[in-house]
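Okay, thanks everyone for coming. Today I'd like to walk you through a few helices and how they sit against their neighbours, so let's put the structure up.

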Amino acid sequence: MKAKIQVVICRCCSEVPALLNTDRLAMLATDADMVVSVKSVDAVCDGKDLAGVMGEAKEKEVDRAVVLACHKRDVAPALLRAYKRAGVNEFMIKLVNLREEVVLPHQAQPERAQAKAEAMLRAALVRSVMLQPRERQTEEMRTNNVVIIGAGVSGQAAARAAAKAGAHTVILEKTGKTMKAPGVILPHSQLIGAKGWTGNYTLTIRVGEKVEELEAAAIIVATGGGWTELKGPLAKAVKDAVPLYKLHERMENNDLPKGPVVVVDTPDPAGKTLKVQDYAWDDTLETVIELKKRAPSTEAYVVFQEMRAFGLNELAYKEAADIGIRFIRYDKAGAPKVDPKAPAKLAVKDFAQGEVLSIPFGTLVFASIPPNKDNEGIADALRIPMAFDGGIRRGSIQRGPVETVRPGIYVCGSALFPKSRELAEREGEMAGSMAGEFVKTGRTSYGGSVAEVEQEKCSACLTCVRTCPYEAPFIGRASKAEIRTELCQGCGICVGICPSKAIELHHYTDDQIMGEARSLLGGDF
Amino acid sequence: MKEVLIIGGGPAGLTAAKALVDRGDGVVLVERKESLGGMARELTCKGIVECRNCGVCLAVDRANDAVRDGSAEVLLLSEVSSIVREGERYAAKIKTSPRYVTDDCTGCGKCTSVCPVEGKAIASPTGSGIPRTFWIDRNKCLHFKKGKCVACAEACPAKAINFEDRARNLTRKIDAVVYATGIDPMDACEVSRFGCGILKDVVSSVDAERILNEKGELKRPSDGKAPKKIAVMQCVGSRTVKKGVEYCSKFCCKYATKISQLLLDIDPEVNLDFYFMDLRTLYEPQDDFKAWAKGKKTVRLIRSMPATVNLGQNGKLLVRATGETDTEIAETEYDMVILSVGMKPSGAASELAKSLGIDADGMGFAKASQELEDKGVFVVGAVSEPMDIEETAERAVATASRIHTKEGGA
Amino acid sequence: MADRKPKVIGFVCERHGMEAAVLSARSGKQHDASVRLVEVPCTGRVDGIHLLKAFEDGADAVFVFGCLEKNCYYDTGSIEGRKRVGYVKQMLEEAGIEKERLEMFNAASSNAWMFPKAVEKMVEVAKKLGPIEKGGDGQ
């Protein structure tokens, strides 16, 4: 079947003809092989102009189009929808950005610009002839489950937001703690495996002693931080150090600590075992201030390297200092130590004074939200990458703050990076809302511009399997690579790296890319 | 489907707009300035090969989304004059000032080059503001002051100048208001001992970011040469009881450490001294920047708040500061000094805010509250407390989801 | 032959790569008309063969322009793109062709100066080195 191409030349109101001879472009298009319709319009983003184009597209039974206009992201959505109604597959439309690639940047080179535009039209026609129609598939979500791993502050907020959006929430909490949250809460439960793709995951979970399967349309990792014990030399000397959250709990039960209270900023001040030494100063300062207010005669010291009281929390730092809490800065060379023979004294070299202070203490408190040790198992089960500091890695800022590399799997709170409870709650809200809105659609889609392996050419080298960020390629029954369409994001990384050239990316095949490149390089301008 | 009025087109307003549009709600976004992006548009991307997670492109991406998605009504050069309760909803009156330049503008800049006014009456949006259409400030423009000049209209190849553009008064019925008026940078010159305003090569961090965003390299304002020795000073005007504010602006260490890394990317031989009080690198372990600095032979981290910056020899700047342990004083010469300034909330104490029931606290922050949200008024972003772009975006989506799922009307 | 215009071609990703190019154009930044652009979904899609073929088809200089590393829309895509450029640079050197003719650039969507700078750099290389000489000892 011979192609029937419609060429649309948009004047971008008046900007394009200001530099280019659009009539000549129209003429070249009309004379070109397989072009059955040429429309010049003022603004392809204008409804009336668009209607005229579509009318002729239907009349001439056009099966593909080359549109010379502006940036794809500005004009494509409406254009593709209109063409779809006119019976033209969305993957058969080639957009050429004359405005931002030619007209705007080549103001001082009008002749070359004209020749370049003509070359771009020719190259687009070459590409257009090679295009194939593609269809995206949609699949019903089997459930509207949003599964949340972790019932902490962030996980609970995520559950509430997802439930409000209409999802059914299931919280997997590894301890037996109870809390109020919508949906189902499974205590003593852990994620051990996962299969499937966005919208239709099947999780393997352990609840108590039993191993079960659980369907999930979306997953939120809210494992929080892992409270640890003291590490290193300090751990050997002090046996009853209290993590901050425990101090907080005790104070809530009116069990005030035995003074003097010394708070160290990290469980391992000598820094040999922990690389990440950061936590929520908001909560720490709030707790010591409350302690000092309730027991003014108790001496309180905060021993730290960097006073990371961000934002308005700086005022809490000031308040703490004003009410008599003593702040002592140290650096690694003078890190706090406790002599096991004199276990009630903390020796630390004050950074500014240079003197070693000896602080008698009744209670040693340490605050830290290092990464949760469970993250590794969860990342492994979900097949998502971790951050090098032990948290769960987000995809990229471009994708969004709470999205992991896999679409449909979100991460929030201290599982991402140590943060205050309040911000962890907001992040949970964001992740829950996004997961809930996605699940509400009830459908997931994939396909279209996706990769496909030509099995005969595959040498099963596993390069694609190792390279794909989404784990779409796998070695199938024929001992050759196959691409799971449901997981394929259409990036083409596997295609570009395959040493056997066995993989093709539909809509961006080697022939299409090189054909367009060759045609452009053939142009004389 | 709710109709939401968003006051402010910065990271908070833009992210909330996208989140609401994605959830099927109607949005009217009102931005006071000539383009979208808020404070973020003045800032530079801090990566050359590797992303440094500063969040600036997040704001630009959301601005592009707002303009491209036809469903959000974006009003630039606009201000909300009043919002009054009307039964279950609100009626908002919005005044749109004329731009005098149409969408045909190609950003070529010929108009600016022929504009006879000193300081230029017609100019492009600052920084990476979206859209890139130029605009005329009628308070500066001779055509409006004297009635004659048409230099820009004659020079414009796209015929995009329209002196007939008029102010418009619009009314919109809405169910909720998002108050996201954002921030202004602190004035570095408030802290006068650093020579700001007097010594040309002492610049604020915002100005340094503007220069880097525009050109991708830093040049001394005095002689246009590339600086070979730079001092970056943190907490200028923040964490102080004297000139400035007591609070910490939260994002300055994050941005300044990344600017420092960018400057070393651009010129690996540049000497950089980073003066700070506490290293508050947001969302990154405190040791990371220290490890990076250790790996670079020409970077020093100096825990000290400098006392003065004066003119040194041969046009250099002399920074006087104590050493880290307060036991000695050092005087060091630099080609350029970058003062990291914090932020002040903007628009929290306006008449409009008051009419909505928003109280500005003593430091000028507008506090969000359950009471306000029950009434349909949602305060979000750095106008409520110091935060960086990433946190702003998160809170904005959380707010949008609360608006979307809120029962009943305002 | 002396007035043959330089031929430069760039493979640009459709995410931040193209956004940066569009922002620079809309900001009035100008660049030489010698450059052609081919849009790819991700610079990771770029294959060594595309780059080599481009030289064979007459390109004097070739560049790849993608998202910043660690901020790639497809996670590791632009890191892969840079790897591809790296391998082909090696191949060019082995073939006796100046490896400066091929380069990789990264930018975020807010960066209006990186794209024109990349074009400027590659056009300069193309002008300085001229077309690749065919025939003789190498082919």
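Let's start with helix α2 of chain B, residues 56-68. With 13 residues at 1.5 Å a residue, α2(B) should span 18 Å, and its end C-alpha atoms are 19 Å apart, which agrees. Keep in mind as we go that this is a predicted model.

So how many of the residues of α2(B) are buried? It's 10 of the 13, so this helix is largely enclosed by the rest of the structure. If you want to find them on the screen, the buried ones are V56(B), C57(B), L58(B), A59(B), V60(B), D61(B), R62(B), A63(B), N64(B) and A66(B). And what do they pack against? Within chain B, the partners are α1 (11-22), β2 (26-30), β3 (72-75) and α11 (389-405), and α1 of chain C joins in as well.

Two of those partners, α1(B) and α11(B), also meet each other. Their axes come within 8 Å and cross at roughly 40°. That makes α1(B) oblique to α11(B), and the crossing is right-handed. On the α1(B) side, look for P11(B), A12(B), T15(B), A16(B), A19(B) and L20(B). They meet a list of residues in α11(B) that includes I389(B), T392(B), A396(B) and H404(B).

Now, α11(B) comes up again when we look at how chain B touches chain A. That contact takes 43 residues from chain B and 41 residues from chain A. On chain B's side, α2, α8 (286-295) and α11 each supply at least two residues. Which one gives the largest share? That's α11(B), with 9 residues.

Okay, over to chain A and helix α3, residues 47-59. This one has 13 residues too, and reaches 18 Å from its first C-alpha to its last, close to the 18 Å expected. In α3(A), the buried residues are L50(A), V53(A), M54(A) and A57(A). They cover an arc of only 95° around the axis, which puts them on the same side of the helix. If you're wondering why that spacing works, an α-helix has 3.6 residues a turn, so residues three or four places apart point the same way.

On the other side of α3(A), you've got K48(A), A51(A), G55(A) and E59(A), and those are exposed. The buried residues, meanwhile, pack against β1 (5-10), β2 (35-41) and α4 (72-85) of chain A. One little detail before we move on: just after α3(A), E61(A) takes a positive phi of about 50°.

Last stop, chain C against chain A. Here 41 residues of chain C are in contact with 40 residues of chain A. The elements of chain C that each supply at least two residues are α1 (16-26), β2 (35-40), α2 and α3 (77-94). Of these, α1(C) gives the most, with 5 residues.

Let's zoom in on one helix pair there: α16 of chain A, residues 510-522, and α2 of chain C, residues 48-56. They pack at an angle of about 20°, with their axes 10 Å apart. The two are therefore roughly parallel to each other, and α16(A) passes α2(C) in a right-handed crossing. From α16(A), the residues involved are D510(A), I513(A), M514(A), A517(A) and L521(A), and they meet I49(C), H50(C), K53(C) and A54(C) in α2(C).

That's it from me, thanks for listening!

Note on methods. Residues numbered from 1 in each chain as written. Chains lettered and ligands numbered in written order. Predicted model: local features only at pLDDT ≥ 70, side-chain atom pairs only at ≥ 80, totals over all residues. Helix = DSSP H or I, 4+ residues; strand = E, 2+ residues; numbered from the N terminus. Expected span 1.5 Å × (residues − 1). Buried ≥ 20, exposed ≤ 12 C-beta atoms within 10 Å, placed from the backbone. Arc of directions from axis to C-beta. Contact = placed C-beta atoms within 7 Å. Axes fitted to C-alpha atoms, helices over the stretch in contact; angles between N-to-C directions. Parallel < 35°, antiparallel > 145°, perpendicular 65-115°, else oblique. Left-handed = near helix turned anticlockwise from the far one by under 90°.
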